[in-house]
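Please read the points below with the structure open beside them. They go element by element and end with the contact between chains.

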Amino acid sequence: MKAIIHIGLKPGVLDPQGRTIARSLAHMGFEGVTKARQGKTIELDLSSDNAETAKLEVEKMCKQLLANTVIEDYQIEIVE
Amino acid sequence: MQSAVIVFPASNCDRDAATALEKVTGRKPLMVWHEETTLPKVDFVVIPGGFSYGDYLRSGAIAARSPIVRDIVKKAGDGLPVAGFCNGFQILTEAGLLPGALMRNKGLRFVCRPQKLQIVNGDTMFTKAYKGITEVTYPIAHFDGNYYADNDTLRELRKSGRIVFKYIDNPNGSLNDIAGICNEAGNVLGMMPHPERAVDPLICDSGRGGTDGIALFKSVLEAVR
């Protein structure tokens with residue numbers, strides 16, 4: 001199975017890259033964008049066949065390395 | 001005083017740090033590769049600037065999980081003096097030895113220039129030898145130097161005198177103009193500017209800080225004697 005982890009800056013943490021993306025979209029004529037936040041996605045291939053324990057394990061990975069919880073939030077998606 | 005400089009893949013200020021340490025202490029520092037699991041017996045450790053592991057994932061994130069940093073965290077807890085400059089500061093926050101995080105510069109530009117700083121706390125083991133001097137200039141050269149911490153942490157840093165250096169004319173958006181902080185016990189310093197690049201008038205002329213960095217290393221030397 002796979003774990004797909006979405007990591008983004010916490011609400012309230014300034015994201016100058018996201019702001020620049022929103023501004024650039026506006027310059028290009030996309031008027032409907034009121035805000036952009038930039039994050040990253042990490043995909044892990046897992047040998048486990050138990051989605052529940054896999055998620056707990058990935059949770060640990062997020063806390064210990066993949067995300068910096070001072071500034072970032074993360075969401076874990078387990079897919080077969 | 002015997003010092004050590006930690007070397008990671010893509011450290012690029014390790015030799016600047018070694019030159020500064022040798023100049024001030026009279027002894028060559030030990031250069032310690034990041035895969036070592038145990039620090040040799042030393043009185044002071046410098047984590048140098050650079051782009052360890054290509055800044056992959058987050059600046060300093062991978063280096064902070066290397067074997068040698070585990071031992072540094074342990075020994076810093078026992079009082080070993082440790083200083084991290086630039087990427088070294090990022091590594092120290094990622095390793096949890098210092099609070100907060102260093103984010104992308106607010107202006108989204110790499111900044112590289114001489115930077116005026118205020119010494120906010122001249123009574124630390126890293127700043128005592130400045131003897132009341134409150135303004136210095138060190139070079140800065142970074143993309144991710146924008147210091148962030150939550151409000152409680154910022155208040156605590158302020159209250160306990162742990163903000164050691166502040167920018168005069170903030171170059172990167174750091175909260176409270178923070179350029180350098182120390183831990184609660186006062187033996188771990190992290191800062192984005194480069195004192196190790198301001199120890200030789202040939203490299204850094206007087207208008208650009210000259211030898212303003214020397215007193216930082218002298219402070220440590222005097223403290224561990």
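Which residues in H1(B) are buried? The points start there.

1. This is a predicted model, and the answer to the opening question is a list: Asp14(B), Asp16(B), Ala17(B), Ala18(B), Ala20(B), Leu21(B) and Val24(B) are buried in H1(B). The cover over these buried residues includes strand E1 (3–7), strand E2 (30–33), strand E3 (44–47) and helix H5 (214–224) of chain B.

2. H1(B) covers residues 14–25, and its length holds no surprise: 12 residues at 1.5 Å a residue should span 16 Å, and the end C-alpha atoms are 16 Å apart, which agrees. Just after the helix comes Gly26(B), with a positive phi of about 80°.

3. Strand E4 (residues 82–85) of chain B has buried residues pointing both ways: Val82(B) and Gly84(B) point one way, while Ala83(B) and Phe85(B) point the other way. The strand pairs with E3(B) in the parallel sense, over 3 bridges. Within this pairing, Val82(B) of E4(B) has Val45(B) opposite.

4. Strand E10 (residues 178–182) of chain B is largely enclosed by the rest of the structure, because 5 of its 5 residues are buried. Strand E9 (residues 163–167) of chain B runs antiparallel to E10(B) and is joined to it by 3 bridges; Lys166(B) has Ile178(B) of E10(B) as its bridge partner.

5. E10(B) is also joined by 3 bridges to strand E11 (residues 188–191) of chain B, again in an antiparallel arrangement. Here Gly190(B) in E11(B) stands opposite Ile181(B). The two strands, E10(B) and E11(B), make a hairpin with 5 residues between them, and in the turn Gly186(B) has a positive phi of about 85°.

6. Is Phe110(B) buried or exposed? Phe110(B) counts as exposed, because it has 12 C-beta neighbours inside 10 Å. It lies in the loop between strand E5 (101–103) and strand E6 (111–119) of chain B. His142(B) is 32 residues away from Phe110(B) along the chain, yet their C-alpha atoms are separated by 5.5 Å.

7. Turning to chain A, there is an open sheet of 3 strands in the order E2-E1-E3, with antiparallel pairing. E2 and E3 of chain A are the edge strands, each pairing on one side only. From one strand to the next the twist averages 20°. E1(A) and E3(A) are joined by 8 bridges, and His6(A) has Gln75(A) in E3(A) as its bridge partner. Helix H2(A) packs on this sheet, touching E1, E2 and E3 of chain A, and its direction makes about 155° with that of E3(A).

8. The span of helix H2 (residues 51–66) of chain A should be checked: a straight helix of 16 residues would span 22 Å, but this one spans only 19 Å between its end C-alpha atoms. Its buried residues include Val58(A), Cys62(A) and Leu66(A). They are on the same side of H2(A) because they cover an arc of only 50° around the axis. An α-helix has 3.6 residues a turn, so residues three or four places apart point the same way. On the other side of H2(A), the exposed residues are Glu52(A), Thr53(A), Leu56(A), Lys60(A), Lys63(A) and Gln64(A). The buried residues of H2(A) pack against strand E1 (2–9), strand E2 (39–45) and strand E3 (72–79) of chain A.

9. Last, the contact between chains: 9 residues of chain A are in contact with 11 residues of chain B. On the chain B side, these divide into 5 nonpolar, 1 polar and 5 charged residues.

Conventions. Residues are numbered from 1 along each chain as its sequence is written. Chains are lettered from A and ligands numbered from 1 in the order in which they are written. This is a predicted model: local features need pLDDT of at least 70, side-chain atom pairs count only at pLDDT 80 or more; totals for chains, interfaces and linings use all residues. Two residues are in contact if their C-beta atoms, placed from the backbone, lie within 7 Å. Ala, Val, Leu, Ile, Met, Phe, Trp, Tyr, Cys and Pro count as nonpolar, Asp, Glu, Lys and Arg as charged, and the others, Gly among them, as polar. Helices (H or I, at least four residues) and strands (E, at least two) are DSSP runs, numbered from the N terminus. The expected span of a helix is 1.5 Å times one less than its number of residues. A residue is buried if 20 or more other C-beta atoms lie within 10 Å of its own, exposed if 12 or fewer, and partly exposed in between; C-beta atoms are placed from the backbone. The arc is that of the directions from the helix axis to the C-beta atoms. Two strands pair if DSSP finds at least two bridges between them. Axes are lines fitted to C-alpha atoms, for helices over the stretch in contact, and angles run from 0 to 180 degrees between N-to-C directions.
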